[in-house]
Amino acid sequence: MLTTEDFDFDLPEELIAQTPLEKRSSSRLLVVNRQTGEMEDKHFSDIIDELNPGDALVMNDTRVLPARLHGEKPDTGGHLEVLLLTNTTGDTWETLIKPAKRAKIGTEIVFGDGRLKAVVEEELEHGGRIITFKYDGIFLEILESLGEMPLPPYIKERLENPDRYQTVYAKENGSAAAPTAGLHFTPELLAAIEAKGVKLVYLTLHVGLGTFRPVSVDNIAEHHMHSEFYRLTEKAAQELNEVRVSGGKIVAVGTTSIRTLETIGTKFNGEIKADSGWTDIFITPGYEFKIVQAFSTNFHLPKSTLVMLVSAFAGRELTLAAYQHAIEARYRFFSFGDAMFVK
């Protein structure tokens, strides 16, 4: 039985990247060969050398909402911070509210100049609340003017340019966090990859904060993932099947792309079909990959579900050895950090 402690490692706090590099693709890339155990230190722009004509590079085109709102209770003036997690139906959202004890069922919250209001409908665990918004106009436009980008708690610096927490191909509104493995790509690098004969394929998975929630149980088999919405279009499914038939590799960018593809592969017995829905797939060592043959990803938190996913693909010992190498070589960790490519 694998325990959460089996995925622990000591990470010096100064290696947690606080700001993005000036140029996205100038971050470092640790290339890990899971067959031989070899590791190479490269730059992210060298990822093009790991891709061959006929391969597919699969990216998550979700766009991060400015999902952190500051409101107050009109009766007391008490401040409430609201983080949007999932749009459940219509104008109703699952949220995290701080301080949660001030947000009982029936509590009214007013944001900004009063153009946006909300009522707490239901109390969930860990400060979660279901709220319904009331407003005049277009919700996303109001959110853009009132909301802040919800950076992870380990980033203490203020982000000067909010676009740096979006991928250059972000399109579909809905994430509470960025699919950070994609932050390294520039339009120029993507154009060069496409010119090499690699197919650029996009899917959508709206990242919820449950992805980053620490595993609080000892036995990892008892951990339950938060559900996240995904979509693979007919066009994308067709492109991936063409790559498969012609013998190309399917290379995923980030754990969210992996989880989407493997959700579909699990659902359809290894076949790739257009599909959408909610996934809570939790990939741990022992899982057999059905679609993904290589991937890039950032360096993740100790004991996180993301380290467990990488370990499922590369093996736990090699994954932890790669992380130790990255620490000794002073790689930058987490959202604005460096990347690894596992093949």
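This passage walks through the domains of the structure, two of its helices and three single residues. The model is a predicted one.

Start with the overall layout. The protein splits into domain 1, made up of 4-64 + 161-342, and domain 2, which covers 75-148. Taken over C-alpha atoms, the centres of domain 1 and domain 2 sit 31 Å apart. Where the two meet, six residues of domain 1 are in contact with eight residues of domain 2. Interface size is often quoted as the accessible area that is lost when the parts come together. For domain 1 and domain 2 that comes to about 640 Å², with 59% of it on carbon and sulfur atoms. The rule picks out one salt bridge across this interface, and it also picks out one residue pair in polar contact, with both residues at pLDDT 80 or more. As for salt bridges, E144 forms one with R63, and the closest N and O atoms of that pair are 3.2 Å apart.

Inside domain 2, T92 is a handy residue to look at. T92 lies in strand β7, which runs over residues 92-98. Its relative accessibility is 16%, so T92 counts as buried. Setting aside neighbours within four places in sequence, T92 is in contact with T86 and N87, and also with I130, I131 and T132.

Next comes helix α4, residues 254-267. Its 14 residues reach 20 Å from the first C-alpha to the last, close to the 20 Å expected at 1.5 Å a residue. Of those 14 residues, 12 are buried, so α4 is largely enclosed by the rest of the structure. The buried set takes in G254, T255, T256, S257, I258, R259, T260, L261, E262, T263, I264 and G265. T256, itself placed in α4, has a relative accessibility of 6% and therefore counts as buried. Not counting residues up to four places away in sequence, T256 touches N60, P179, L205 and V207. Just after α4, N269 takes a positive phi of about 50 degrees.

Helix α6, residues 316-328, gets the length check too. With 13 residues at 1.5 Å each step, α6 should span 18 Å, and its end C-alpha atoms are indeed 18 Å apart, so the two agree. Its buried residues are L318, T319, L320, A322, Y323, A326 and I327. What do the buried residues of α6 pack against? Their partners are the strands β1 (28-32), β2 (39-43), β16 (294-298) and β17 (339-342), along with helix α5 (305-314). Just after α6, R330 takes a positive phi of about 60 degrees.

Strand β17 brings in the last residue, M340, which lies in that strand. At 1% relative accessibility, M340 counts as buried. Leaving out residues up to four places away in sequence, M340 touches A322 and Y323, together with L29, L30, V32, F295, S296, T297 and F299. A322 and Y323 are also among the buried residues of α6, and β17 is one of the elements that the buried residues of α6 pack against. As for E222, M340 is 118 residues from it in sequence and 28 Å from it in space, C-alpha to C-alpha.

Terms used:
Residues are numbered from 1 along each chain as its sequence is written. This is a predicted model: local features need pLDDT of at least 70, side-chain atom pairs count only at pLDDT 80 or more; totals for chains, interfaces and linings use all residues. Side-chain values use heavy atoms; hydrogens and water are left out. Helices (H or I, at least four residues) and strands (E, at least two) are DSSP runs, numbered from the N terminus. The expected span of a helix is 1.5 Å times one less than its number of residues. Buried means under 20% relative accessible area, exposed over 50%, partly exposed in between (1.4 Å probe, protein chains only). Contact means heavy atoms within 4.5 Å. Domain bounds come from an automatic or database domain assignment. Buried area is the accessible area (1.4 Å probe) that two parts lose on being put together, summed over both. A salt bridge is a side-chain nitrogen of Lys or Arg within 4 Å of a carboxyl oxygen of Asp or Glu. A polar contact is a pair of N or O atoms within 3.5 Å; within protein, one must be able to donate a hydrogen and the other to accept it, and residues adjacent in sequence count only if both atoms are side-chain atoms.
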